[in-house]
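Let's take a walk through this protein chain, one piece at a time. Keep the 3D view open and turn it as you read.

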Amino acid sequence: MGRINILFSTTRQWNVGDEFILFGIRRLLDRLGLEYNPIIYNRHPSITPQRYYRQFPWLKLVPVPHLDNSFALDQDGAVDYVIFAGTPEWFGGSRIKPLLQYILRNKIRCAFIGVGVHRHHTFNEDLIQVVTKFCDLIIARDPLCYELIKNFPNAYYAPCPSLFAAPYSRIRKNLGQLGIVIQADKTRHHAISPEVLNYILTQCQRLEREFPVLYIAHYIDDYKMARALGKEVLYSGYAEDYFQIYDRFDLVISTRVHGCGMASSLGIPNALIPHDGRFQTALKLKSHILQIGVDLTDWVRSVDISVESAALVEYRKVQEEEFCQLLSKHLSILR
């Protein structure tokens, strides 16, 4: 098979966690020697806005002419394969429904790689048709999602592909720099609760007295909050820069699941402070799960950096081999 055209369902310039997932999937496809043109269906809410068809069923779902460099589903026959690159936004909703219908209309093979949920869902008929008729592989990244998909053909439970996002991983020897992924409490779709934020900030006052601490922001509102609080913060509007940002650290504490994903990918021991049901994704990233109330200073003291880092590097290596075997076995574009 020559060069093919793959449409990735993802977001750009909105949630860098989505981009970490896409980096991981593309790294695996590249390792497997696939030659392809990467095209994106950009679910960024400002580019592919949600239409409230549940409240207004007469509102026709049609492609939106995009003003960015992504595909608006406005040309049949333009792509050869579709990959849903992780995130909970894959099973329905008005941003996904046109893509599902595009697959059905064009009879395109597809795969769902690293998808998740944070509550129980009822799948719509379009999704059921796509998964049962045109899907090569569906990989859940959390146990709740796997329970929902396990009766579909070729369904598996495996780590989120963000585990493979970084170009390399390396063993950390000791705690030279502690990273705290800081997150605001008022941003739609990105917010943590005021309770979680207050806990993090209170704990960080103690951490700063004992350890060298730098803060990491994934989203512009997180950056602005950190600046307003007088914190030294690392941030980039380019998701690709987070390899270098995270590589500075030897231990990471995060409220964002994909902060843990990037840390684990680089071999950095890490902990997640959960704030919604998506935290289960961190289980197969080998992250510690620390509930509110844990003394983070005591926890940092207890971590054996070199032992945990070596285990993460080996874990990524093993999981990458197994993941590649899954892709090779099931993806029609690799056969």
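Start with the sheet: in this predicted model, 6 strands line up in the order β2-β1-β3-β4-β5-β6, paired in parallel, and the sheet is an open one. Which strands stand at the edges? They are β2 (36–42) and β6 (155–157), and each has a single partner strand, so one side of each is left without a neighbour in the sheet. As you step from one strand to the next, you'll see a twist that averages 20°.

Now look at how some of these strands are joined. Strand β3 (residues 81–87) pairs with β4 in the parallel sense, and 6 bridges link them. If you want one spot to zoom in on, find Ala-85, whose bridge partner in β4 is Ile-113. On we go to the next pair: strand β4 (residues 109–115) runs parallel to β5, and 5 bridges hold this pairing. Here, Ala-111 has Leu-137 of β5 as its bridge partner.

While you're at β5 (residues 135–140), ask yourself this: how many of its 6 residues are buried? The count is 6 of 6, so to speak a strand that is mostly covered. Helix α3 (residues 125–133) lies across β4 and β5, and its direction is at about 105° to β4.

Another helix meets the sheet too. Helix α1 packs on it and touches β1 (4–10), β2, β3 and β4, with a direction that makes about 135° with that of β3.

Helix α1 (residues 16–31) also has a helix for company: it packs with helix α10 (residues 305–330) at an angle of about 70°, and the two axes are 10 Å apart. Because of that angle, α1 counts as roughly perpendicular to α10. The crossing of α1 past α10 is right-handed.

Who does the touching? On the α1 side you'll find Arg-27, Leu-28 and Arg-31, while α10 brings Arg-316, Glu-320, Glu-321, Phe-323, Cys-324 and Leu-327. Sort the residues of this contact by type and you get 4 nonpolar, no polar and 5 charged.

Let's finish by zooming in on one of those residues, Glu-320, which sits in helix α10. Is Glu-320 buried or exposed? Its relative accessibility is 14%, and because buried means under 20%, Glu-320 counts as buried. Leaving aside residues up to four places away in sequence, Glu-320 touches Leu-28, Arg-31 and Phe-164.

How values were computed
Residues are numbered from 1 along each chain as its sequence is written. This is a predicted model: local features need pLDDT of at least 70, side-chain atom pairs count only at pLDDT 80 or more; totals for chains, interfaces and linings use all residues. Side-chain values use heavy atoms; hydrogens and water are left out. Axes are lines fitted to C-alpha atoms, for helices over the stretch in contact, and angles run from 0 to 180 degrees between N-to-C directions. Helices (H or I, at least four residues) and strands (E, at least two) are DSSP runs, numbered from the N terminus. Angles under 35 degrees count as roughly parallel, over 145 as roughly antiparallel, 65 to 115 as roughly perpendicular and the rest as oblique. A crossing is left-handed if the near helix is turned anticlockwise from the far one by less than a right angle, and right-handed if clockwise. Contact means heavy atoms within 4.5 Å. Ala, Val, Leu, Ile, Met, Phe, Trp, Tyr, Cys and Pro count as nonpolar, Asp, Glu, Lys and Arg as charged, and the others, Gly among them, as polar. Buried means under 20% relative accessible area, exposed over 50%, partly exposed in between (1.4 Å probe, protein chains only). Two strands pair if DSSP finds at least two bridges between them.
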